[in-house]
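Subject: Structure for your review

Dear colleague,

Please find below the sequence and the structure that I am handing over to you. My notes on what was found follow directly after them.

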Amino acid sequence: MLSKKLKSKVNLVEKYQVYFCEQFDDFSKNMALVELLTPYKKIHIITDRNVADYYLENLRNVLNDIGISVSVSILVPGERIKNIENYTVLVEDLMKNSISRRDVIIALGGGAVGDLAGFVAGTYMRGIDFINVPTTLLAMVDSSIGGKSGLNVKNIKNIVGLIKNPKANIIIPDLMNTVREDDFTDTLSELIKIAIIRDAKLFEKLEDIISFDIDEKNTRETFFREDIKLLLMRCVENKLAIVDEDIYDKGVRRVLNLGHTVGHAIESYMNYDISHGLAVAKGMYAIADISEQMEFCDKKTSNRIKSLLTLLYGKHISDKEATSQQLIEYIRHDKKSDSDEIDVVLIKKIGQCEIVKMDISEFGNLL
């Protein structure tokens, strides 16, 4: 019988850099980025039609200036692209362009493009490098950080996926000049989530921004733009601090799922005809209610969170879009579920949450 135990000394978690650049032109001026890109013979960009119209030529020109061969796959926009069919199309594109393990994929787009491109990169030839260049504010502060990727199957969100860190995240705040108003709103929703989890002072700052008096000359995004770089960096730092403790999402990282259990169920029920930020905001509203019902947090804390979300999205934020029973059917397939139980992130106070294992039926009764 074998009795000797061998332990691998290989660190399977590769660290990566987050670069903040003012605009695409900064690529060629940033020596660290040039050094990052020049070892690759080819770069394959995965993007969608909307993003390609704005940014593809800029990025292609910068990469050509560095002397790298570029090929491109362009998808239709939206969460629905995250499916097996598009995965197959992208793998065939990589093969057609002779992309090898010495090459790199760049995900140029929002969260859906990043999720799909990351999954392709993690599985093509058993894994090749990829770099995230998020083009929505929500992707900059959320999906591009932490290495998660995934596909949706039968409307169950991210039921297939993996965790693979990119070689780098390149965040370009200047891209916000072309983002839609709803992307600003959804980004603020993500910032609220991070603030509830671990940054009470950020929550106070967001209360100031979201309660800002809006009129024709002073939109919320005008006020937001003044603080965008600081807020982006603060949110990224907070998320990286959590992810670094638990890269494979087995423990503390699960607090980042605040609002997502309900939010993902709403997205699935609505066939993704709702933005991710709004769905998660509805989920956070519901969790604030449940946390108060279970006496995890006091009424003042719950009301403060619900009031801020209502200011951001309007009075319909409390509408869960479906019955509790309809949502529970999707929640049973959630990655956080285990038989008849599910891990739920509850709120203790602004800046502190706790992961609690709950019976799914009990959770449904409170929903």
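I begin with a single residue. Leaving aside its neighbours within four places in sequence, S324 is in contact with G364 and L367. One of these contacts can be described further: the side chain of S324 reaches the backbone oxygen of L367 at a distance of 2.8 Å. S324 itself belongs to helix α13, which covers residues 324-331. Please keep in mind that this is a predicted model, and that the values in this message were computed from it.

As to the chain as a whole, its secondary structure comes to 14 helices and 11 strands. The C-alpha trace spans about 75 × 60 × 35 Å along its principal axes. What radius of gyration does the protein chain have, and what would be expected of a compact globule with 367 residues? The chain has 21 Å, and a compact globule with that number of residues would be near 21 Å, so the two agree.

Helix α13 also appears in the next topic, the cavities. Rolling a probe the size of a water molecule over the atoms shows where empty space is left. A search of the whole structure finds 3 cavities of 30 Å³ or more, and the largest of them has a volume of about 90 Å³. Which elements each supply at least two residues of its lining? They are β7 (156-163), α10 (260-269) and α13. The largest share, 4 residues, comes from α10. Among the lining residues are I156, K157, H264, Y330 and D334. By character, the lining divides into 4 nonpolar, 4 polar and 3 charged residues.

Strand β7 has a partner as well. It is joined by 5 bridges to strand β6 (residues 148-153), and the two run antiparallel. Within this pairing, S149 has L162 of β7 as its bridge partner. The hairpin of β6 and β7 has 2 residues between the strands, and K154 takes a positive phi near 50° there.

Finally, I turn to an open sheet. It is formed by 3 strands in the order β9-β10-β11, with antiparallel pairing. Why is one side of β9 and one side of β11 left without a neighbour in the sheet? β9 (337-338) and β11 (352-359) stand at the edges and each has a single partner strand, so one side of each remains without a neighbour there. β9 pairs with strand β10 (residues 341-349) over 2 bridges, in the antiparallel sense. S337 has I342 in β10 as its bridge partner.

With kind regards

Conventions:
Residues numbered from 1 in each chain as written. Predicted model: local features only at pLDDT ≥ 70, side-chain atom pairs only at ≥ 80, totals over all residues. Heavy atoms only, no water. Polar contact = N/O pair within 3.5 Å; in protein donor to acceptor, adjacent residues only side chain to side chain. Contact = heavy atoms within 4.5 Å. 1 Å grid on protein atoms, 1.4 Å probe; cavity = no way out; pocket = protein on both sides within 12 Å on 5 of 7 lines; lining within 4 Å. Points joined across faces, edges and corners; volume = space filled by probe spheres on them. Nonpolar A, V, L, I, M, F, W, Y, C, P; charged D, E, K, R; others polar. Pairing = 2+ DSSP bridges. Rg over C-alpha atoms; globule rule 2.2 N^0.38 Å.
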